Amino acid sequence: ICILANSFKHCGRCVAGIEAKWMRSSWELSENWIRPLSHRPEGEINFKESLLNTKKQPSVLDIVDIELSKPADVAGQPENWLINPNSTWVYRGTMPREVLLKSIETPSDLWLEYPNNPLYPARVSTEFIKKHKSPSLYLIKAKHLQLCIEEHQGKKKMRAKFYYRSMMYNLALTDPRMQSRFFPYFPNNPVETIDNGPAPNSMLCISLAPEWNKKHHKLVAAVI
């Protein structure tokens, strides 16, 4: 797969990407998303399991061979597959950005259950996802992207604000590269919006988190 997300999840990582195929002289991407999971209750991938044959951890745009055992039955996340924990992940190369641009997806919205209610773009009910048999991963092109720290009920959170099809989204930012680059002292960073952040028209990997209290929260898992 071409790695398009490698974000924090509990004490491990949540990895996801799109199936990549070598076609004679170049890499091409299919339409198949894959989210590898461990056999732990929450499915997080630990450091040892994701260690590449190069002794490095996978980065966004890396092309990696991952041995999968079978589909994982996780509600709301049809892309999930269980890994073989005893196999080594093998680095195969780096996906050119121009190839990735061909795989930009254009859904009508990002799981908008109540399109006219601005309070709900950050989450969606499990019932809605089941009814519409929705995917839980998208690669989209954002507009007016801003990274910021907000405070709610005394707790600071890293967020990504952007526009997609005229709707403004304010979602949790779980991309560790963006977190360490722009908020290196979190949670001691002040409540702020980063003015000189990533390109405002960046590609985003958007993910639905696992079900919690009958809802799925939406995440910006990677800024590309």
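Start with the whole chain in view: the protein has three helices and 15 strands, where helices (H or I, at least four residues) and strands (E, at least two) are DSSP runs numbered from the N terminus. The radius of gyration, taken over C-alpha atoms, is 17 Å, close to the 17 Å that the globule rule gives for 224 residues, so the protein is as compact as a globular protein of that length; the rule itself is 2.2 Å times the number of residues to the power 0.38. This is a predicted model, in which local features need pLDDT of at least 70 and side-chain atom pairs count only at pLDDT 80 or more, while totals for chains, interfaces and linings use all residues. Residues are numbered from 1 along each chain as its sequence is written, and side-chain values use heavy atoms, with hydrogens and water left out.

If you turn the C-alpha trace along its principal axes, it spans about 45 × 40 × 35 Å. Of the 224 residues, 49% are buried, a word that stands for under 20% relative accessible area, with exposed meaning over 50% and partly exposed in between (1.4 Å probe, protein chains only). Among contacts (heavy atoms within 4.5 Å) between residues at least 6 apart in sequence, 64% join residues at least 24 apart.

**Select Ser207**

Ser207 sits in strand β14, which covers residues 203-208, and it counts as buried because its relative accessibility is 5%. Now add Arg35, whose side chain is joined to that of Ser207 by a polar contact of 3.1 Å; such a contact is a pair of N or O atoms within 3.5 Å, where, within protein, one must be able to donate a hydrogen and the other to accept it, and residues adjacent in sequence count only if both atoms are side-chain atoms. Beyond its neighbours within four places in sequence, Ser207 is in contact with several residues, including Trp111, Ser136, Leu137 and His217.

**Move to Trp111**

From Ser207 you can step to Trp111, one of its contacts, which lies in the loop between α1 (97-101) and β8 (123-125). Trp111 is buried, with a relative accessible area of 2%, and its phi is positive, about 55°, although Trp111 is not a glycine.

**Compare Arg24**

For another residue of this kind, select Arg24, which has a positive phi of about 65° although it is not a glycine. Arg24 lies in the loop between β2 (12-23) and β3 (26-37), and it counts as exposed because its relative accessibility is 85%.

**Select Lys215**

Lys215 is found in strand β15, residues 215-223, and is partly exposed, with a relative accessible area of 32%. Show Arg123 beside it: Lys215 and Arg123 are 92 residues apart in sequence, yet their C-alpha atoms are 6.6 Å apart in space. Not counting residues up to four places away in sequence, Lys215 touches Arg123, Val124, Ser125, Thr126 and Pro210.

**Finish with Pro187 and Pro190**

Pro187 lies in the loop between α3 and β13, and the peptide bond that leads to it from Phe186 is cis, with omega near 10°. Pro190 lies in the loop between α3 (176-182) and β13 (192-193), and it is partly exposed, with a relative accessible area of 47%. Apart from its neighbours within four places in sequence, Pro190 is in contact with Ile149 and Lys156. Tyr163 makes a useful last selection, since its C-alpha atom is separated by 24 Å from that of Pro190, 27 residues away along the chain.
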